[in-house]
Amino acid sequence: MIDSRWYDGREQALVKHTFLDTYMPAQIPKVVSPASGADTFCYVDLFAGPWQSQSGDYSDTGFGIALHRMSQAKAKQAELGRSVRMVAHLVEKDPRNFTELTVAVKRFADVEVHCYQGTAEQHAAAIAAAIPSRAFRFVVIDPKGVPDVRHFQRLIEAERTEVLLNFMFQFANRFAGSQDRMPTLEGWLGGLQGGNEWRAEFAELRGTEREAAISERARQVLGRMGSYPYAPAITVDETDVDRPLYKLIYLTRHPAGLKVFRDAHRRALETQSEYRTAKKADLRRHTTGMDDMFAPLTKMEPGERSAREMAEGEAKARKMLLQRVTDNPAGIEWNSLWPAILDACVVTHAGLGDIARDLWSRGQVVVPEWQSKAIKRPKDEFRFNLSAEPQSTVR
Ligand SMILES: C[S@@+](CC[C@H](N)C(=O)[O-])C[C@H]1O[C@@H](n2cnc3c(N)ncnc32)[C@H](O)[C@@H]1O
């Protein structure tokens, strides 16, 4: 269980760890199910740490959370009569951190752990080659700076893989607005066709437009490294300033992965919104010397960036859903609709289902198979058509 008190002064890590801690218990049973054919779950952490851990038992480190969740999942699978091998490959460059890591992982006897001292760049290809093809791989790339991700190609491109990459947006943004060279970033961010004009394009953009363009490019390039159709991202903000610090870009080839991702994303954004709301209230208390007057009425202020991102995500999803139905006059099935919308918009599968229900209730879309109000959300085979005449009556 993550305790926010371990994260004072490094709240961004709380968002990242909340995501991991929510995502992995939902992900593991899906990817090692009998249907998937994988009998081994493999966690690869290329920049493992430990890094600024306060908890005393590594519950506030990425590898600590991952190995704990893997141990739990292994026990659950055993209760179901399945034997699943849990394997971790952890890389750490700093000698002191590495020594601490090798001692820390002894706490997790149910996971077969391999620790590598040296750089991620140096070890990535050998780790990729060592993992059996029947294993499912979850690759976490969480550097402090911006490495050249092309070194990790072998890990990213493998089948049965999902990736979570911490993209240091703040560095990329600063670089895009300057004449500086940053070969480790230029190399892979420039990896799409179209020469180098992207830098000039970015330099002309400002604020959220530039943020969207840089993130979009990073998502596209990373997705292409392993033919991933889905590459959504989580925005992690600076604690005291309304500015993005980094983006956690997630790569998956399966719509089911998107569902799990967006649920964990929402939990991470709620955490971010709550601590930022509390921090702002604290700051106001200090500067005004007044206690209650400006206290937030809720744990999440609706105007806070992450809270806004969630609300805007739902609005964008509604628009995109209607647009897709409009673009398909012969009708379109729900399972052809929702994955692209979840990829593009900050919305959960359940949230999007509620939006679809609302559009259906209002008569804005027609869904012949949706015969009863008792069906709360659309089923995959439901076919959506645009209503000839949008109505405002609510069913
Ligand atoms: C941001 S911290 C990792 C935090 C960790 N993922 C977590 O969530 O708890 C980055 C770590 O990578 C290590 N490191 C830096 N450059 C590296 C490299 N090229 N290869 C491997 N490790 C590196 C640092 O010593 C540090 O421990």
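**Sheets, ligand site and local backbone features of the model**

In strand 10, the residue that forms the bridge partner of Glu333 is Arg383. This pairing belongs to a predicted model, and it is one element of the contact between strand 8 and strand 10, which are joined by two bridges and run antiparallel. On another side of the arrangement, strand 10, which spans residues 383-386, is joined to strand 9 by two bridges, again in the antiparallel sense. Within that second pairing, Val365 stands opposite Leu386 of strand 10, and Val366 stands opposite Asn385 of strand 10. Taken together, these strands make an open sheet of three strands with the order 8-10-9 and antiparallel pairing. Strand 8 (332-333) and strand 9 (365-366) are the edge strands of this sheet, each of them pairing on one side only. Helix 11, which comprises residues 305-327, lies across strand 8, strand 9 and strand 10, and runs at about 85 degrees to strand 10.

Helix 11 also contains Ser306, a residue whose relative accessibility of 1% means that it counts as buried. Apart from its neighbours within four places in sequence, Ser306 is in contact with Asp237, Leu269, Gln272 and Ser273. For Ser273, the separation from Ser306 is 33 residues in sequence, whereas the distance in space, taken from C-alpha to C-alpha, is 5.3 Å.

A second open sheet is formed by seven strands, which follow the order 3-2-1-4-5-7-6 and show mixed pairing. Its edge strands, each pairing on one side only, are strand 3 (112-117) and strand 6 (233-237). When direction is ignored, neighbouring strands of this sheet are turned against each other by 10 degrees on average. Within the sheet, strand 1 (residues 40-45) and strand 2 (residues 85-92) pair in the parallel sense over six bridges, and Thr40 stands opposite Arg85 of strand 2. Helix 3, made up of residues 95-104, packs on the sheet and touches strand 2 and strand 3, with a direction that makes about 165 degrees with that of strand 3. Helix 6 (residues 169-176), for its part, lies across strand 5 (161-167) and strand 7 (244-251), and it runs at about 110 degrees to strand 7.

Gln12 is located in helix 1, which covers residues 11-31. With a relative accessible area of 13%, Gln12 is buried, because it falls under the 20% limit for that class. Its side chain makes a polar contact of 3.1 Å with the side chain of Thr239. When neighbours within four places in sequence are left aside, the residues in contact with Gln12 are Val236, Asp237, Glu238, Thr239, Leu245, Tyr246 and Tyr275. Asp237 is thus found in contact with Gln12 and is likewise in contact with Ser306.

The ligand has 19 residues around it, and among these His17, Gly62, Glu92, Ala120 and Asp142 come nearest. Several polar approaches to the ligand can be described. A polar backbone atom of Gly62 is 2.9 Å from an oxygen atom of the ligand, while an N or O atom in the side chain of Glu121 is 3.1 Å from a nitrogen atom of the ligand. In the case of Asp142, a polar side-chain atom lies 2.7 Å from a nitrogen atom of the ligand. The ligand taken alone exposes 600 Å², of which the protein buries 89%.

Some local features of the backbone also deserve mention, given that most residues other than glycine have a negative phi, and most peptide bonds are trans. A cis peptide bond, with omega of about 15 degrees, joins Gly49 and Pro50, and Pro50 lies in the loop between strand 1 and helix 2 (62-79). The loop between strand 1 and helix 2 also holds Tyr58, which has a positive phi of about 70 degrees although it is not a glycine. Tyr58 is buried, its relative accessible area being 12%. A positive phi, of about 50 degrees, is likewise found at Ser227, which is not a glycine either. Ser227 lies in the loop between helix 9 (207-225) and strand 6, and with a relative accessible area of 59% this residue is exposed.

Key. Residues are numbered from 1 along each chain as its sequence is written. This is a predicted model: local features need pLDDT of at least 70, side-chain atom pairs count only at pLDDT 80 or more; totals for chains, interfaces and linings use all residues. Side-chain values use heavy atoms; hydrogens and water are left out. Two strands pair if DSSP finds at least two bridges between them. Helices (H or I, at least four residues) and strands (E, at least two) are DSSP runs, numbered from the N terminus. Contact means heavy atoms within 4.5 Å. Axes are lines fitted to C-alpha atoms, for helices over the stretch in contact, and angles run from 0 to 180 degrees between N-to-C directions. A residue is near a molecule or strand if one of its heavy atoms lies within 4 Å of it. A polar contact is a pair of N or O atoms within 3.5 Å; within protein, one must be able to donate a hydrogen and the other to accept it, and residues adjacent in sequence count only if both atoms are side-chain atoms. Accessible areas come from the Shrake-Rupley method with a 1.4 Å probe; for residues, only the protein chains shown count as cover. Buried means under 20% relative accessible area, exposed over 50%, partly exposed in between (1.4 Å probe, protein chains only).
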